[in-house]
Amino acid sequence: MSEQQLNDPLVIAGKSYQSRLLVGTGKYKDLQETGEAIAASGAEIVTVAVRRTNIGQNPDEPNLLDVISPDKYTILPNTAGCYTAQDAVRTCRLARELLDGHDLVKLEVLGDQKTLYPNIVETLSAAETLIKDGFKVMVYTNDDPIVAKQLEEMGCVAVMPLGSLIGSGLGILNPHNIRLIMEEAQVPIIVDAGVGTASDAAVAMEMGCAGVLMNTAIAAANKPVLMASAMRKAIEAGREAFLAGRMPRKAYASASSPLAGVIG
Amino acid sequence: MQIQVNGEPFDAGKCTTLAELVNRLGLAGKRIAIELNMEIVPRSEHDKTELKAGDRVEVVHAIGGG
């Protein structure tokens, strides 16, 4: 690892992370695969969902937090599945109790089941309540630069616009908007949702995003653990390319070898 | 005593406190969080929190998600 990388942490709510890849824990075959994929991804921030316990069914079934230990990872409980601000706030409060007062949350308030597109009105309302209640809010939002700025000004610790729909794997469909969001941002901008493969993650990082949050791209790959490793490299490569600064695009060729001294 | 747990009717038997209910559910010592009638009840207060008929209890845990 280069010196530059070592001195290039992702800082969220005052805490430094070496990895700029954030990963979810959904859709894996089993908890073993979850644990192996998360380890291979190198991620330090790991999202989980909060759900009703199945009463009377397999009380001895292993718990996700036994595999993804809060001692080792920063657990980021999400509000996935919430369609109102009220449900999202309740879920965050339950998560805080579940995680012994841990107050970093991923807020997502969804609009409909077909698109899982964020409901911005409810998202803004939930963010306001949560921030007043002392939560550190990382917020899933659309790629609207005005909304992103508003969420930042309210006090969200990271703004996470979608690259494309959750679980779609379509990549970053509107890089121009993501760029507009980044131009104005003082908090980390993390692309959340839409990444399909390693190059999508690299594109986000080359653009200057602070990080990428993904789940399905790894979990739904044929070999999730291998894809997790690919994503780790893509995030690192993209970040290094961003820091290095790419060459300008040119319309015509520019020889790499000297023109002088050619034989003949 | 009839209460509601996670949206379903539940016979709490002779349980008088939340801690006893957690035990009856086989969840003692598990990583869970509990809401009683829409209010979080901190783990430290489970044994002091009394149940009454008609209470609505939510018990949640962490599962895989993005």
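Two residues are taken to be in contact when heavy atoms of theirs lie within 4.5 Å. On that footing, and in what is a predicted model, 27 residues of chain B touch 29 residues of chain A. The size of an interface is often given as the accessible area lost when the parts come together. Here that area comes to about 2,500 Å² between chain B and chain A, with carbon and sulfur atoms giving 55% of it.

Next come the charged and polar links. Five salt bridges are counted between chain B and chain A. One of them pairs B:E58 with A:R52, and the closest N and O atoms of this pair sit 2.7 Å apart. Polar contacts turn up as well, with 14 residue pairs found across the interface of chain B and chain A, both residues at pLDDT 80 or more.

As for where chain B's side of the interface comes from, β3 (33–36) and β5 (56–64) of chain B each supply at least two of the residues that touch chain A. The largest share belongs to β5(B), which puts in seven residues. Sorted by class, the side of chain B that touches chain A is made up of 15 nonpolar, seven polar and five charged residues.

Strand β5(B) also pairs with a strand of the other chain. Its partner is β4 of chain A, residues 45–52; the two run antiparallel and are joined by five bridges. Within this pairing, A:V48 stands opposite B:G64 of β5(B).

Terms used: Residues numbered from 1 in each chain as written. Chains lettered and ligands numbered in written order. Predicted model: local features only at pLDDT ≥ 70, side-chain atom pairs only at ≥ 80, totals over all residues. Heavy atoms only, no water. Buried area = accessible area lost by both parts, 1.4 Å probe. Salt bridge = Lys/Arg side-chain N within 4 Å of Asp/Glu carboxyl O. Polar contact = N/O pair within 3.5 Å; in protein donor to acceptor, adjacent residues only side chain to side chain. Helix = DSSP H or I, 4+ residues; strand = E, 2+ residues; numbered from the N terminus. Nonpolar A, V, L, I, M, F, W, Y, C, P; charged D, E, K, R; others polar. Pairing = 2+ DSSP bridges.
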